[in-house]
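Student: I have a structure to go through. Can we take it in short questions and answers?

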Amino acid sequence: MSLIDDADAAASGPLSESGGRWLRVAAAQLGGVARHEPRSSVVDRLIAMMRQAASADVELIVFPELALTTFFPRWYVEGEPDLDLDWFYESEMPGPDTQPLFDEAKALGIGFCLGYAELTPPDEDGRRHRYNTQILVERDGTIVGKYRKVHLPGHREHEPWREFQHLERRYFEPGDDFPTWRAFGGVVGMAICNDRRWPETYRALALGGAELILIGYNTPIHYAPDPSQNALQSFHSHLVMQAGAYQNGAFVVGVAKGGTEEGVESLADSCIIAPSGRIIALTAHTGDEVAFADIDLELCRNYKETLFQFDRYRRPEAYGVLTERRGPVSPPPLPET
Ligand code: CDT
């Protein structure tokens, strides 16, 4: 009787050489966006970086989470009478303000990934829904993928003890899947900010074949529930994305809205990570900046077909607990002696 399964029966040996699937990809980090900065001004900044990237023959440029506006979940609207919440959402994509970005991308032949706040048309019950969304746009200007943030961090109610709010759980509904798409010569998936801290994100995407994972983020340096983490923000951000890349044999592009925005200092350190887990491009400053790298998507096979050959080595039958419950259940306490 064999204790191994079918995947083991396949012949194994060193990976054979094959031609590369090269892509030049850029992380387009944004500095702060002011609360009243018009969309047209932000779109001009995005277009400037797009042109810079295109002049270096970049084929895909990745912008951050909620790239079109300031990070508005830092305000509780009822406490901010002149804050029109709906102003921060896009009800069409492209819309009149974002069409120039699509036009420029098509003219330059460059694809892009963009995060924004989405307000849907009314559903059959007349309800409009709000998501923290990211889209993937091919080099011909067509939207090939849309992802809605699954892990919404922060809180729902006003918490005045904080220096600033993090009300994503009030202003957005969560997405509920991690789709992947064939685009840019490979298989691409997306995630948004807090998603990058959860190993399930990368694993779900990799089970959809993801070779390239695009992640925009807004990470305040100050973490109110535990400020001892403030000094570790950059380390933690790189730690999780490097682990996600390596453990899933994928490239990861992590892109910040960094710098100081409305008085809140945010992490920069945007980067491109290889399936080895190593950072191969990194921004040097905290403002608008393009960092790019040449990536060979074939390199994913070095990991996906060896150490992390999922269909050979994973044990989903032993992982039932991962989807059975959300929180931990520890063994019962030891009896008092
Ligand atoms: N945007 C976002 O998800 N930011 C969170 C901040 C920490 S939770 C308050 C992050 O994980 O970076």
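Tutor: Contact here means heavy atoms within 4.5 Å. Keep in mind that this is a predicted model. Ile215, in strand β9 (residues 212-217), is a good place to apply the cut-off.

Student: Is Ile215 buried or exposed?

Tutor: Buried means under 20% relative accessible area. Ile215 has 0% relative accessibility, so Ile215 counts as buried.

Student: Which residues does Ile215 touch, leaving out those up to four places away in sequence?

Tutor: Start with Gln134, Ala191, Ile192, Cys193, Arg196 and Tyr202, which are among them. The list also includes Met241, Val252, Val253, Gly254 and Val255.

Student: How far apart in space are Ile215 and Asn194, C-alpha to C-alpha?

Tutor: In sequence they are 21 residues apart. In space, the C-alpha to C-alpha separation of Ile215 and Asn194 is 9.5 Å.

Student: Which residues come nearest to the ligand?

Tutor: There are 13 residues around the ligand. This shell divides into four nonpolar, four polar and five charged residues. Those that come nearest are Lys149, Cys193, Asn194, Arg197 and Thr219.

Student: How far is an oxygen atom of the ligand from an N or O atom in the side chain of Arg197?

Tutor: A polar contact is a pair of N or O atoms within 3.5 Å, so the pair at Arg197 can be judged against that limit. For Thr219, a side-chain N or O atom lies 2.7 Å from an oxygen atom of the ligand. For Arg197, the value is 2.7 Å.

Student: What percentage of the area exposed by the ligand alone does the protein bury?

Tutor: Taken alone, the ligand exposes 360 Å². Of that, the protein buries 92%.

Student: Which side chain has a polar atom 3.0 Å from a nitrogen atom of the ligand?

Tutor: Look at the nitrogen end of the pair, on the ligand. The polar side-chain atom at 3.0 Å belongs to Glu65.

Student: Which residues touch the most other members of the largest nonpolar core?

Tutor: The core has 46 residues. Leu214 touches Leu60, Leu136 and Val253, among others, not counting residues up to four places away in sequence. Those that touch the most other members are Leu60, Leu136, Leu212, Leu214, Met241, Val253 and Ile295.

Student: How many residues are in the other core?

Tutor: It lies apart from the largest one. Val58, Ala67, Ala105 and Val137 are among its members. The number of residues is 28.

Student: Which residues does Ile47 contact, leaving aside neighbours within four places in sequence?

Tutor: Ile47 lies in helix α2 (residues 39-55). At 8% relative accessibility, Ile47 counts as buried. Ile47 and Glu104 are 57 residues apart in sequence, but 7.1 Å apart in space, C-alpha to C-alpha. The contacts are Pro100, Leu101 and Glu104.

Student: Which residues does a cis peptide bond join?

Tutor: Most peptide bonds are trans. Here omega is about 0°. Pro94 sits in the loop between β3 (89-90) and α3 (99-108). The bond joins Met93 and Pro94.

Student: What is phi of Leu66 near?

Tutor: Most residues other than glycine have a negative phi. Leu66 lies in the loop between β2 (60-62) and β3. Leu66 is buried because its relative accessible area is 1%. Its phi is positive, near 45°.

Student: Is Asp269 buried or partly exposed?

Tutor: Asp269 has a positive phi, near 55°. Asp269 lies in the loop between β12 (264-266) and β13 (271-273). With a relative accessible area of 25%, Asp269 is partly exposed.

Note on methods
Residues are numbered from 1 along each chain as its sequence is written. This is a predicted model: local features need pLDDT of at least 70, side-chain atom pairs count only at pLDDT 80 or more; totals for chains, interfaces and linings use all residues. Side-chain values use heavy atoms; hydrogens and water are left out. A residue is near a molecule or strand if one of its heavy atoms lies within 4 Å of it. A polar contact is a pair of N or O atoms within 3.5 Å; within protein, one must be able to donate a hydrogen and the other to accept it, and residues adjacent in sequence count only if both atoms are side-chain atoms. Accessible areas come from the Shrake-Rupley method with a 1.4 Å probe; for residues, only the protein chains shown count as cover. Ala, Val, Leu, Ile, Met, Phe, Trp, Tyr, Cys and Pro count as nonpolar, Asp, Glu, Lys and Arg as charged, and the others, Gly among them, as polar. A nonpolar core is a set of buried Ala, Val, Leu, Ile, Met, Phe, Trp, Tyr and Cys residues joined through side-chain atoms within 4.5 Å. Buried means under 20% relative accessible area, exposed over 50%, partly exposed in between (1.4 Å probe, protein chains only). Helices (H or I, at least four residues) and strands (E, at least two) are DSSP runs, numbered from the N terminus.
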